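Thanks for coming. I will go through one model this morning, starting with side-chain pairs and ending with the overall dimensions. Please have the sequence and the structure open.

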Amino acid sequence: ADDPALVIEPLNGYRLKERMPDNIGEYRVPLGIPEILREGNDVTLVTYGSCVRIARDAVDQLAEFGISVELIDVQTLLPFDIPNLILESVKKTNRIVFFDEDVPGGATAFMMQKVVEERGAYQYLDSQPRTITAKEHRPAYTTDGTSRSEQTGVYLQEQMKWDKWVLLLGGRYDWASTDSSTRTLSTGAKSQSALDSKAFTGRVGVVYLFDNGLAPYASYAESFNPQSGTGYGGSVFKPTEGKQYEIGIKYHPPGSNSFITAAIFDLRQTNVLTTDPDPTHLCGSGRCQSQDGEVQSRGFELEGKASLNDNLDITAAYAYLDNRISQSNNTVRYAPVSDIGVGPALSAEGTTTYAVPRHTASAWADYTFRDGNLKGFGMGAGARYVGSSWGDTANTLKVPGYTLFDAAVHYDIPNIARLKDNLRLALNATNLANKEYVASCYSYSWCWYGSQRTVQASATYRW
């Protein structure tokens, strides 16, 4: 057709990943001509758009009970059923149902008026026409809440050395309080809750300094982090707690300006939010959350820095991270190509947290002129690699890894006001090639592009 048209994307497109049509621009069906998707004799079912897929499934199920449904896709609402195909179907089935995901009185009422009133289908019906719609819209927000959190801490740290041993001891004591009030907009009812928490967290580390530059070490640290939000009955969430174990080795070759560090670590975070196991515990319009979850992160890191001469410095690093949900009440449904939960509900325990890459690596080189006409001028370049990550909680969507290139130029002006003062003027560019890439995903319908080329100028004064 040559008529102007407005193409509306169905809302289901955001939760159902459909394939891109290969015939965009080719109008196979004239406007206003419905399509009979399945012939039947017992009842006429009229729908369109994203609901067609749901209607097909329903028609298949009804057929198992001996109910023959004639399924019609109206194709367009304006113009509507020019050849009166729906009326002819009603003459055969004597029953009709209008189905749409709109609210009551929306598109289903429009179609009913067109068919039953204007086309006179009422005289062929043996039963009352029906509509199947979504529920009436609820307010965008059902509650209004305010939460206030305060945290105070004191800490003490001591580093001591005996012969070739170095020991680090640290302790921190925190007091945290959270007050929350919630008002239900529909009734005006108010509820309040409060939680006072306190905890001691410590850290300890030990390293042995060999004469040849090797320095093996081990460390242990604890964390305490208050959370905002409330669970069932308005109960305030407790702080998350964590423990980290790490062992590694450092190497500083005697007489050189370089070092290498290798480490393996194990971190566990508890009191992580997860779905409340009781289905009757509702908060707002959905299930409440509880703090039965735990996340474990294990891996190793390798980093090296070296000054090859007075002008050239290089840095390289690699990290491997295995981040998994070790305890959870959540379930995931393996749903490739779709955000609609299909298949059996499986425990989220053992799955990898989304948007967390397993492999990362980087390298950087900087060259600075120390004398001559270009004294103080320098330039650098490097690359960053971020490996693939999972893009959904069920670990069915794999987000590809990517490599980015960065560069910088800088100029140092020494002795600005007095000796040893220094002013550095710098220009840094990240994603130098302006590569377009997907940085991470939360689901098949929620992904984020990475940053485009970014250029930043800075002036840093040191004294």
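Let me start with one pair: the side chains of Arg358 and Asp322 meet in a salt bridge, at 3.2 Å from N to O. By salt bridge I mean a side-chain nitrogen of Lys or Arg within 4 Å of a carboxyl oxygen of Asp or Glu. This pair links distant parts of the chain, 36 residues apart: Arg358 sits in the loop between strand E17 (345–347) and strand E18 (359–368), and Asp322 in strand E15 (residues 312–327). Helices (H or I, at least four residues) and strands (E, at least two) are DSSP runs, numbered from the N terminus.

Before going on, the ground rules. This is a predicted model, in which local features need pLDDT of at least 70 and side-chain atom pairs count only at pLDDT 80 or more, while totals for chains, interfaces and linings use all residues. Residues are numbered from 1 along each chain as its sequence is written, and side-chain values use heavy atoms, with hydrogens and water left out.

Back to the pair. Is Asp322 buried or exposed? Asp322 counts as buried because its relative accessibility is 14%, and Arg358, at 26%, counts as partly exposed. The cut-offs are under 20% relative accessible area for buried and over 50% for exposed, with partly exposed in between, using a 1.4 Å probe and protein chains only.

How many salt bridges does a search of the whole structure find? The search finds 14. One of them joins the side chains of Arg38 and Asp60, at 2.7 Å from N to O. Arg38 lies in strand E1 (residues 35–38) and Asp60 in helix H1 (residues 51–63), so this pair ties together parts that are 22 residues apart in sequence. Both ends are partly exposed, Arg38 at 36% relative accessibility and Asp60 at 35%.

Another salt bridge brings together the side chains of Arg183 and Asp144, with 3.8 Å from N to O. Here the link runs between two strands: Arg183 is in E7 (residues 165–184) and Asp144 in E6 (residues 143–162), so parts 39 residues apart in sequence are tied together. Arg183 is partly exposed at 32%, and Asp144 is partly exposed at 40%. There is also a network of salt bridges, which links Asp266, Arg268 and Glu294.

Now the cysteines. A disulfide is a covalent bond between the sulfur atoms of two cysteines. In this analysis, a disulfide is a pair of cysteine sulfur atoms within 2.5 Å. The structure holds two of them. Cys283 and Cys288 form one, with their sulfur atoms 1.9 Å apart. Their link is right-handed, with 100° about the S-S bond. Cys283 is partly exposed, at 30% relative accessibility, whereas Cys288 is buried, at 2%.

The other disulfide is formed by Cys441 and Cys447, whose sulfur atoms are 2.0 Å apart. Why is this disulfide called right-handed? Because the torsion about the S-S bond of Cys441 and Cys447 is about 105°. Cys441 is buried, with a relative accessible area of 4%, and Cys447 is partly exposed at 38%. With the bonded cysteines numbered in sequence order, the pairing reads 1-2, 3-4. Cys51 is buried as well, at 2% relative accessibility.

On to the surface. Tyr367, Met379, Val409, Leu427 and Val455 make a nonpolar surface patch of about 410 Å². Patches are made of residues with over 30% relative accessible area and no salt bridge; like charges are joined within 9 Å, and nonpolar side chains (Val, Leu, Ile, Met, Phe, Trp, Tyr) within 5 Å. Within this patch, Val409 belongs to strand E22 (residues 402–414) and is partly exposed at 35%.

Last, the whole protein. The secondary structure comes to three helices and 26 strands. The C-alpha trace spans about 100 × 55 × 45 Å along its principal axes. The radius of gyration is 32 Å, where a compact globule of 463 residues would have a value near 23 Å; it is taken over C-alpha atoms, and the globule rule is 2.2 Å times the number of residues to the power 0.38. Of the 463 residues, 30% count as buried. That is the tour; questions are welcome.

How values were computed:
Accessible areas come from the Shrake-Rupley method with a 1.4 Å probe; for residues, only the protein chains shown count as cover.
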